[in-house]
Amino acid sequence: PQCCIQLYLCNNRIMALPTSSSSTPRSRRLVPRFKYNSLCLVASLLAIHFLYMAKVHNEFDSRLKDVVAATHLPPSRNGQREHDKRVSDSGRSISDMNKLKQISFPHGSFFFGANSHQVKIPKSQVFDPSLSWLPLQRKLLDDSDINVEVEKKRCASYKFGFPNATMPLRRRRLFYGALISGDSAEVIKATSMEQYNIYHTVSLIESNSTHNLSPKKWRFFGSEDASKELNWLYQLFGPKTKVSMDYYIPSLEKGQESDAMYLDYYQREGHSYRWKFNGMRPDDIAIIADIDETFSRDFLRALQICDVPQFRPGQSCRSPKVYASTLIFESSPECAWKTKSALRNAAGRGRAWFHPDAILGECADQIGDTKLHPPTKRDRWESHGTRLDYYGHDNEYTYYDTKVLADLNIEGQGPLWLPHEMRVESFMGQRVTKKDGSPTGYHFHNFFMSTEEIIFKYATYGHADKKARKKKSIRYIHDDLMMAVMCTLGKHTEKTESSFESIAGTSRPIYYLNEEARQARHSLWQDIVRKDAENATKNEVKAKVDPTPATDGNQEHKSLTSSKSHWDSSKSAVLGLASGYPRYVYEGFVGSLRATGFAGHIILAIAKDAPVDVVSYLGEQNVTMKYVEKAEKCTYNGTIGEQGKPIDMQKSSEWKCPKDYPDYKITWARFLYYRDWLNDCPSCTDGVMLTDVRDAFFQRDPFVTAVERNQVHPLMVFEESPETDTEHWLTDWPVSACRKHKLGKNPMLCSGSVMGSREGILDYIDVMEEEFKYWMERENCRIDNRGDDQSIHNYLYYTNRFKNAVSIPHRQGPIHVVGYQAARIFENATKEAENAGVGTSEIFIHDNNWKEWLPRKYGLINTNTGLIVNEDGTPSAQVHQVDRFGPLISKWENEMRKQGWPYNKDTDKESIGSSA
């Protein structure tokens with residue numbers, strides 16, 4: 001500044017400049033005017049530069065502190081935001097992040113770190129991922145050379161053209177962007193191997209909060225461990241790839257953003273800036289994904305060479321995407337959904353996925369030309385969030401054409417794409433599948449290392465499930481997890497692959513071509529599932545119930561241990577409504593129960609005009625028979641059907657009333673009969689089972705089994721197969737219509753099989769009756785459906801109306817409700833029998849070995865006895881809904897009945913081998 005002043009004052013005069021020695025004669029201290037002016041100009045510029053940098057630095061530090069201070073966390077006692085503490089506690093102060101290049105937006109700030117080519121990794125942390133490759137993997141990954149014939153075949157396999165003489169034969173540069181958080185090392189290794197040495201840039205962005213603004217610690221910033229993990233990450237993608245780790249701090253308060261997915265959108269905006277910093281050009285390719293998603297390596301190479309229409313220069317950028325047909329692995333490489341092409345002959349669809357997504361650089365934000373592609377309008381601060389309707393959202397550009405392009409005399413062009421738009425603006429381009437139906441991408445979904453990580457993800461990311469932490473088991477959190485759990489148990493459907501080897505087509509993820517890697521991951525997932533099931537059962541038994549009835553929300557699976565820790569089977573009772581059946585039905589139910597050694601009470605309702613052979617048989621088996629007569633006329637009127645039209649109950653096939661309770665349809669009245677019969681049985685003092693009769697038989701004494709399993713509770717309700725839940729119409733429709741209540745996704749409980757103590761069962765019936773009356777009094781609850789007792793049963797349990805109730809997980813207690821799986825097995829067997837030209841009852845039985853009536857792959861029977869087993873391989877005490885097997889079970893059941901159920905006692909354990 002002094003130089004500038006002197007220059008101004010001298011106004012072209014020759015002026016002496018001060019030198020280092022004040023004793024130097026003045027004549028020798030004169031400097032020529034041109035040299036003086038040049039020096040003065042340089043000094044002035046330097047001074048201005050330093051003044052500006054100091055100002056910027058101060059403002060930068062101030063803005064950063066403002067951003068941190070404005071984060072979503074509550075203030076601590078000293079008035080500082082907890083966010084400050086989190087950053088400083090991690091081993092670095094805010095000023096360390098302050099040193100990074102920063103860009104701020106209304107929603108938050110980005111801090112850009114170094115890329116892997118700018119970092120010197122300590123020798124002790126240097127490693128070569130290729131040292132662990134198998135020869136087959138090495139052959140697939142050593143593909144950098146361009147072989148024209150190979151490339152032509154590759155392009156043709158995706159229906160792409162091959163570059164002509166006017167197109168240079170070179171590989172396009174690929175720039176990748178993904179968010180990263182608590183993703184497992186396993187999944188990062190799987191995707192990075194597929195991408196090894198292919199990408200020019202890998203842009204990864206970490207945030208210090210989840211999508212619902214729950215705080216989380218930095219994983220790749222702020223500590224020695226974070227630095228080591230970052231150095232590991234830098235090396236996974238290959239030495240030719242620049243790996244960049246950048247950071248995002250949202251500035252929004254909790255509740256300020258109504259849609260949690262927008263936090264995902266905001267965070268992805270940093271990718272386009274990183275790509276620009278790393279030199280992305282309009283002719284490069286931008287690829288957006290989650291870190292657990294990747295294009296197949298073969299398809300990535302195709303995107304680099306082939307004549308892809310969306311990658312030709314001069315794009316309008318309206319529908320510029322190329323996106324994957326994705327094979328989804330759930331939690332394990334051995335658990336995969338079938339792709340759409342593999343399901344052409346199957347009913348329904350598997351789990352469809354269509355990411356990653358790729359577009360040409362000239363259509364990408366910060367890379368393309370805004371003069372050719374003017375900005376559009378979006379729903380957050382006009383330039384953030386999703387595109388407004390008719391401004392390019394869902395490929396509709398009406399307002400963009402008339403209100404943006406028309407003023408600029410531009411026609412037919414589209415706006416540049418923000419990174420998240422490349423992902424969420426669905427189907428605006430071409431989805432590519434290989435000619436042979438093979439996928440072009442892989443999604444390694446839920447490859448976490450523990451139950452806790454899974455729960456944290458579902459509770460805090462994406463459209464967070466507030467109830468995820470309250471679910472009894474991870475299998476009930478989401479259908480994807482249910483599929484993965486079932487796969488672990490060996491249960492597959494026509495929509496899922498039976499193994500990694502069974503996947504159709506020619507595409508397989510390279511990392512899992514290593515069988516040891518596959519087995520290691522599958523074994524870990526099996527351990528997670530097993531421990532989760534053990535914890536669910538343990539928590540069920542130990543937890544105490546809140547006696548206050550709930551009026552809303554889902555009941556937590558809690559229990560109160562019965563005051564009676566042991567049931568005497570001889571003082572216990574089995575009650576059922578069994579009117580109008582032939583003798584063989586009673587032989588199956590009563591005969592199998594007595595064969596277990598059960599000496600307690602069996603109380604059954606039969607028709608007053610029951611055949612003599614039925615009455616004689618039941619008398620021989622010491623069954624207490626109760627007679628139930630049909631009412632001449634039901635006195636409860638006004639029932640409505642599905643269409644809301646009045647129904648004549650006398651003509652309804654669903655509404656049959658007993659003479660003693662003409663206001664109740666028989667499916668409701670049976671509970672009132674059970675109460676009457678218990679009150680008439682003073683010696684029924686211990687355990688009680690209320691059960692269906694026609695479709696059930698026994699393999700062990702259920703009360704002895706309950707004691708052995710430490711499952712002696714006042715009230716036990718039993719879960720059906722995990723594949724069915726309370727979103728099923730049987731519970732969802734009636735409860736929604738009557739109670740205006742959504743049960744959500746919870747295990748379906750079977751009302752046809754209930755156990756408990758005498759007192760617990762009587763309390764249960766009282767609560768059921770109270771709810772029956774509520775439904776009878778209201779027109780919107782009068783539903784002509786024989787199964788609505790199950791609707792009520794589930795509603796009462798999940799709203800805490802039952803006292804001291806415990807739900808027993810599927811195949812883990814004295815009652816096994818087998819219906820759903822039995823029906824699926826029967827469906828598959830029918831198709832196999834048709835193809836083989838044999839009867840369905842004979843399809844699985846070979847060499848007259850009636851004991852092995854189901855294939856081992858189902859894991860449902862003991863092949864030495866044919867007994868149906870629980871998950872631990874022990875015989876299920878009662879099996880309910882066995883009729884769903886159809887004729888598959890007939891031969892075995894007939895032989896068992898003929899031989900007097902020879903394997904139904906624990907004394908026959910020597911006859912029982914391994915379960916199939």
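**Helix H18, Asp284 and Leu169**

Trainee: Val612 and Glu620 are exposed, on the other side of H18. Which residues of H18 are buried?

Mentor: This is a predicted model, where local features need pLDDT of at least 70, side-chain atom pairs count only at pLDDT 80 or more, and totals for chains, interfaces and linings use all residues. Residues are numbered from 1 along each chain as its sequence is written, and side-chain values use heavy atoms, without hydrogens or water. In H18 (residues 612–620), Val614, Tyr617 and Leu618 are buried. They span an arc of only 95 degrees around the axis, so they sit on the same side of H18. The arc is taken from the directions from the helix axis to the C-beta atoms.

Trainee: What do the buried residues of H18 pack against?

Mentor: Helix H17 (583–595), strand S16 (601–607) and strand S17 (623–628). Asn622 follows H18, with a positive phi near 60 degrees.

Trainee: Why is Asp284 called buried?

Mentor: Buried means under 20% relative accessible area, exposed over 50%, partly exposed in between (1.4 Å probe, protein chains only). Asp284 has 0% relative accessibility, so Asp284 counts as buried. Asp284 lies in the loop between helix H10 (270–277) and strand S6 (285–288).

Trainee: With which side chain does the side chain of Asp284 make a polar contact?

Mentor: That of Arg173, at 2.8 Å. The limit is 3.5 Å between N or O atoms, one able to donate a hydrogen and the other to accept it. The Asp284 side chain also reaches the backbone nitrogen of Arg281 at 2.7 Å.

Trainee: What makes Leu169 partly exposed?

Mentor: Leu169 has 37% relative accessibility, so Leu169 counts as partly exposed. Leu169 sits in the loop between helix H6 (148–157) and strand S3 (174–179).

Note on methods
Helices (H or I, at least four residues) and strands (E, at least two) are DSSP runs, numbered from the N terminus. Contact means heavy atoms within 4.5 Å.
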